[in-house]
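Hello,

Here is the structure I promised to pass on. Have a look first, and then read on for what turned up in it.

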Amino acid sequence: MSEETSSSAGGEFEREPVPQKSLLGFKSFIGMYAGEHCAGTELMIGPLFVAAGVSAFDVIVGLIVGNLLAVLSWVFLTAPIATRARLTLYYQLEKICGRNLVTLYNLTNGVMFCFLAGAMITVSATAVGVWVKFPMPGLDDFYPNSVGWVLTVLCVGAVISIVAAYGYRMVAYVANIAAPWMVLVFLAFGLVALRNFVTSTGAEIDSAAALWELADQVIWRGGDPLPGQVKFTFWHVTFFAWFCNMAMHVGMSDLSVFRFARKSWYGVASAAGMYVGHFMAWICASMLYAFQLHSAGLTSTETIAAADAAGTLPAPLPGPLAYGACGVAGLLCVIVAGWTTANPTIYRAGLAFQAIMPNRSRFVVTLMTGALATAAALFPALAMKLLDFVALYGLILMPMGAVVFVDYWLLRRLGLQAEFAQSRGIKFNPAAGITWFATLAICLGLVFSGIEINGVKPFQIYFVSLPGWFVAAALYIILSAVYQSELHQTRLFRQLCRLASWGGLAAVVVPGGGYLLGSVALDDVQAIMLIGTVVWFIATPLWMGPQREE
């Protein structure tokens with residue numbers, strides 16, 4: 001494809017390196033990250049920290065450290081590859097993994113985008129609910145709880161979907177105009193909430209120490225989480241702040257962004273989004289919900305339990321919170337934040353689906369995508385469990401980021417062929433595919449195993465992505481060596497893999513018998529079954545695949 005062809009197609013250079021003349025300066029990335037990461041999700045995530053029982057130290061220091069780690073991930077993982085290869089993530093993956101595996105990746109990415117857009121439709125619907133009185137969902141609601149909620153979500157979703165299908169450029173234009181205004185409204189949320197705390201407690205804020213005392217003793221008191229929520233500590237906040245955008249940095253989605261950067265150090269521009277959106281905005285939004293609980297007298301485990309039993313425990317709904325703090329301007333911020341986040345998200349999901357269905361028009365595919373996002377938005381649990389969903393989203397896409405990193409930096413140094421699918425002309429690279437599936441099996445298996453060590457569950461979804469990245473990197477190196485040397489075609493190797501598979505199956509069923517006889521503890525049964533499951537899904541494709549004819 002020529003540069004002229006690329007330019008006529010919108011200047012995106014989707015299947016070729018970005019030329020020198022199209023590179024962008026540092027300021028372009030500052031504006032983009034500051035606007036993109038101060039959006040509708042912030043209105044849900046901040047209050048959910050309060051629901052998780054964070055202390056002042058947990059949330060303030062945890063966000064400082066976690067966001068710094070996120071910025072460093074962009075600087076040292078994503079940007080160096082982006083500014084050298086200058087390719088989109090999708091084309092880079094196609095060269096490494098093959099067209100069929102990239103199609104599966106696009107489908108997964110598109111579905112996850114739909115769920116994220118659905119959460120933003122939910123956010124906007126809570127603002128409409130302030131004007132149109134109908135029962136809004138509670139913190140523990142999974143299903144829609146009123147006809148009014150269903151109709152509002154359908155209307156909001158329909159409008160957002162149609163606009164995304166017709167006028168994405170106008171939406172992007174409005175989003176750029178609204179970004180500075182939204183940042184200042186978020187700041188106003190925090191200022192109003194702080195003043196409300198000072199007034200209600202009679203505290204005198206005449207020093208930094210006095211401000212910290214108010215934050216530590218009243219605003220973010222720590223203690224038990226709200227009913228049905230996971231307790232967050234410093235480590236939860238740190239890892240969440242680091243990995244909530246894992247799909248973008250560790251998962252390498254932002255290769256498509258930084259391929260336009262002149263220098264790799266432009267990755268520090270991500271700090272504008274992290275510390276404006278994922279620090280200031282989260283802190284300010286959390287203060288709104290903290291004051292709602294404080295003003296309702298829900299300041300102890302006993303009062304919270306009583307409110308939960310009576311069904312009067314307030315949910316962290318962005319619409320009512322914003323209206324109580326900043327009136328109509330606050331409601332408009334909720335609507336605009338949800339709208340400007342959901343629209344490009346639906347658009348991106350539509351592009352991912354269109355890559356799978358290239359003969360369908362973008363308009364029709366985007367409308368179908370919007371319908372899926374709207375259907376997801378009907379279920380308030382998607383927004384109420386947004387912390388878990390964002391962590392899951394990053395985890396699912398993380399292994400492919402490790403594959404890209406290893407393929408670009410390590411394979412050639414280890415004497416292996418990089419971009420294997422392109423070099424062999426294949427549509428599915430088994431080494432990449434098994435790496436993705438096996439890593440997810442290991443990580444999700446650990447999450448759902450419920451294993452405890454000294455009364456602590458170390459394998460929560462917020463933590464497994466870090467060791468999971470190293471597991472994915474190691475698996476891809478080993479499997480690439482196996483497949484490229486055709487070791488998997490030898491009789492001895494296939495027999496060993498078959499034995500390993502049988503051992504994996506035995507590890508799934510035998511421990512249950514031991515538990516039945518009282519000779520094996522339940523925790524040990526679960527751990528052994530997890531290991532057996534992982535061994536089965538790694539070893540079986542290695543001997544069950546097509547065999548070379550002698």
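Among contacts in the protein between residues at least 6 apart in sequence, what percentage join residues at least 24 apart? The share is 84%. Please keep in mind that this is a predicted model.

Let me start with the overall picture. The protein has 22 helices and zero strands. Its C-alpha trace spans about 85 × 75 × 50 Å along the principal axes. A compact globule of 550 residues would have a radius of gyration near 24 Å, and the 25 Å of the protein agrees with that. Buried residues account for 54% of the 550. The accessible surface comes to about 23400 Å², and 66% of that surface belongs to carbon and sulfur atoms. As for charge, there are 28 positive and 28 negative charges, and their mean positions lie 13 Å apart.

Now to the inside. The largest nonpolar core holds 172 residues, and those that touch the most other members are Phe49, Cys97, Phe189, Trp220, Phe232, Phe240 and Phe258. Helix H17 (residues 386-409) gives the most to this core, with 16 residues. If you would like one residue to click on, try Trp220: leaving out residues up to four places away in sequence, its partners include Val50, Val54, Ala56, Ile60, Ile283 and Met287. Ser55 and Ser286 are also among the residues that Trp220 touches.

Ser286 comes up again with Gly46, a residue of helix H3. Beyond its neighbours within four places in sequence, Gly46 is in contact with Trp282, Ala285 and Ser286. Gly46 counts as buried because its relative accessibility is 0%. The C-alpha atoms of Gly46 and Phe420 are 43 Å apart, with their positions 374 residues apart along the chain.

Helix H10 (residues 234-243) deserves a look too. Nine of its ten residues are buried, so H10 is largely enclosed by the rest of the structure. Among the buried ones are Phe234, His236, Phe239, Phe240 and Trp242. The buried residues of H10 pack against helices H3 (42-51), H4, H12, H17 and H20.

Finally, some loop residues. Most residues other than glycine have a negative phi. Two residues here have a positive phi although neither is a glycine: for Arg86 the angle is about 55 degrees, and for Glu486 it is about 60 degrees. Arg86 sits in the loop between helix H4 (56-85) and helix H5 (89-97), while Glu486 is in the loop between helix H20 (465-484) and helix H21 (491-516). Arg86 is buried, with a relative accessible area of 10%, whereas Glu486 is partly exposed at 34%.

Thr299 is another loop residue, placed between helix H12 (270-295) and helix H13 (301-310). Its relative accessibility of 37% is why Thr299 counts as partly exposed. Apart from neighbours within four places in sequence, Thr299 is in contact with Arg221 and His294. Thr299 and Val218 are 81 residues apart in sequence, yet their C-alpha atoms are 8.5 Å apart in space.

Enjoy browsing, and write back with any questions.

Best wishes

Terms used: Residues numbered from 1 in each chain as written. Predicted model: local features only at pLDDT ≥ 70, side-chain atom pairs only at ≥ 80, totals over all residues. Heavy atoms only, no water. Core = buried A, V, L, I, M, F, W, Y, C linked by side-chain atoms within 4.5 Å. Buried < 20%, exposed > 50% of the residue type's maximum accessible area, 1.4 Å probe, protein only. Helix = DSSP H or I, 4+ residues; strand = E, 2+ residues; numbered from the N terminus. Contact = heavy atoms within 4.5 Å. Rg over C-alpha atoms; globule rule 2.2 N^0.38 Å. Areas by Shrake-Rupley, 256 points an atom, 1.4 Å probe, with all protein chains shown as cover. Lys, Arg positive; Asp, Glu negative; His and termini not counted. Charge placed at Lys NZ, Arg CZ, Asp CG, Glu CD.
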